[in-house]
Amino acid sequence: MELDGRVVVVTGGTRGVGAGIARSFLGAGAEVVVCARRPPHEPVCADGRTASFTALDLRDPAAVQEFFDAVGRRYGRLDCLVNNAGGTPYRLLGEGEAQRHARVVELNLLAPMTASLAAYPLLREAHGSVVMIGSVSGTRPSPGTAAYGAAKAGLENLARSMAVEWAPEVRVNSLVLGMVRTELAHLHYGDEAGIAAVGATVPLGRLAEPADVGAATVFLASGRAGYVSGASLLVHGGGERPAFLDAATVNKES
């Protein structure tokens, strides 16, 4: 299989996008370690293989270092780190004090940097790679999730700088995600009708599935992307139809 013998860590890999990424790596033959603050409701499995789980708070640098040391002792190598853990509640800037917004930045920007630095010696030895899971929220206004958008913009820039500093031993790339259908999609988009309506605004006509993100992540970690570093790969189904096209009173199809 494509990634036989490779070892991959997926942060936040117990549900949603992270679990989809972990399953894709399992399907490609890799040994997969997922970490999160809480264990999954059920093991993350694919093709008869199961990811191992470690409880970890990525905001604790000492615990993060201990975790990667343990990965090195157990597997003897690390070929890819996927910095997927993150997220945010909906909160307008004026509705929360600065400390609340700072915690969002800590989880979505500082924690991936902490994990990358702890993993770097293993990745350098294996000539491995880092994949940052970014968001279109970092490329456009993000009302209600401004701190998250700012953190994701910083994460993409961090990846590009890391790609230069850590070359040629370690490749670093970003996936810039649009909307993804996960088990929590109803919290963002509503019932099935709402999810379908939101999906219809995407040029490809649907939200991404976690497996779509997983396939792109496996590509960036594989030898097929051996000359890809410092790149940002858009995984957003074609993006968003510009609002002015629907608002304009000319050039309408009959």
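Here is a walk through this structure, which is a predicted model, taken one region at a time.

Let's start with helix α1, which runs over residues 16-27. Its 12 residues reach 17 Å from the first C-alpha to the last, close to the 16 Å expected at 1.5 Å a residue. How much of α1 is buried? The count is 10 of the 12 residues, so the helix is largely enclosed by the rest of the structure. Among the buried ones are Gly16, Gly18 and Gly20, along with bulkier names such as Ile21, Phe25 and Leu26. Just after α1 you'll meet glycine 29, with a positive phi of about 100°.

Glycine 29 has company when it comes to positive phi. Aspartate 47 has a value of about 55° even though it is not a glycine. You'll find aspartate 47 in the loop between β3 (45-46) and β4 (49-50), and because its relative accessibility is 63%, it counts as exposed. Histidine 127 is another non-glycine with a positive phi, this time about 50°. Histidine 127 sits in the loop between α3 and β7 (129-135), and with a relative accessible area of 56% it is exposed.

Now step back into helix α3 itself, which covers residues 98-126 and holds methionine 113. Methionine 113 is partly exposed, because its relative accessibility is 33%. Together with Leu110 and Leu117, Met113 forms a nonpolar patch on the surface, and the three share about 260 Å² of accessible area. Why might residues spaced like that end up side by side? An α-helix has 3.6 residues a turn, so residues three or four places apart point the same way.

Next comes helix α4 (residues 146-165), the home of glutamate 156. Is glutamate 156 buried or exposed? It is buried, because its relative accessibility is 15%, below the 20% cut-off. Leaving aside residues up to four places away in sequence, glutamate 156 touches Thr139, Ser174, Val176 and Ser232. With serine 232 there is also a polar contact between the side chains, at 2.6 Å.

Follow the chain past α4 and you reach the loop leading to β8 (171-177), where proline 168 is found. The peptide bond from alanine 167 to proline 168 is cis, with omega near 0°.

A little further along, aspartate 191 lies in the loop between α5 (185-189) and α6 (192-200). Aspartate 191 is exposed, because its relative accessibility is 53%. Its side chain reaches the backbone nitrogen of alanine 193 at 3.2 Å and that of glycine 194 at 2.9 Å.

Last stop: the salt bridges. How many are there in the whole structure? A search finds 10. One of them joins arginine 181 and glutamate 192, at 2.6 Å from N to O. That pair links distant parts of the chain, with arginine 181 in the loop between β8 and α5 and glutamate 192 in helix α6, 11 residues apart. Arginine 181 is partly exposed, with a relative accessible area of 30%. Another salt bridge pairs glutamate 97 with arginine 100, their closest N and O atoms being 3.3 Å apart. Both ends are partly exposed: glutamate 97 at 44% relative accessibility and arginine 100 at 34%. Arginine 206 and aspartate 212 also meet in a salt bridge, at 2.9 Å. Here arginine 206 is partly exposed at 43%, and aspartate 212 is partly exposed at 30%.

Definitions and conventions
Residues are numbered from 1 along each chain as its sequence is written. This is a predicted model: local features need pLDDT of at least 70, side-chain atom pairs count only at pLDDT 80 or more; totals for chains, interfaces and linings use all residues. Side-chain values use heavy atoms; hydrogens and water are left out. Patches are made of residues with over 30% relative accessible area and no salt bridge: like charges are joined within 9 Å, nonpolar side chains (Val, Leu, Ile, Met, Phe, Trp, Tyr) within 5 Å. Accessible areas come from the Shrake-Rupley method with a 1.4 Å probe; for residues, only the protein chains shown count as cover. A salt bridge is a side-chain nitrogen of Lys or Arg within 4 Å of a carboxyl oxygen of Asp or Glu. Helices (H or I, at least four residues) and strands (E, at least two) are DSSP runs, numbered from the N terminus. Buried means under 20% relative accessible area, exposed over 50%, partly exposed in between (1.4 Å probe, protein chains only). The expected span of a helix is 1.5 Å times one less than its number of residues. A polar contact is a pair of N or O atoms within 3.5 Å; within protein, one must be able to donate a hydrogen and the other to accept it, and residues adjacent in sequence count only if both atoms are side-chain atoms. Contact means heavy atoms within 4.5 Å.
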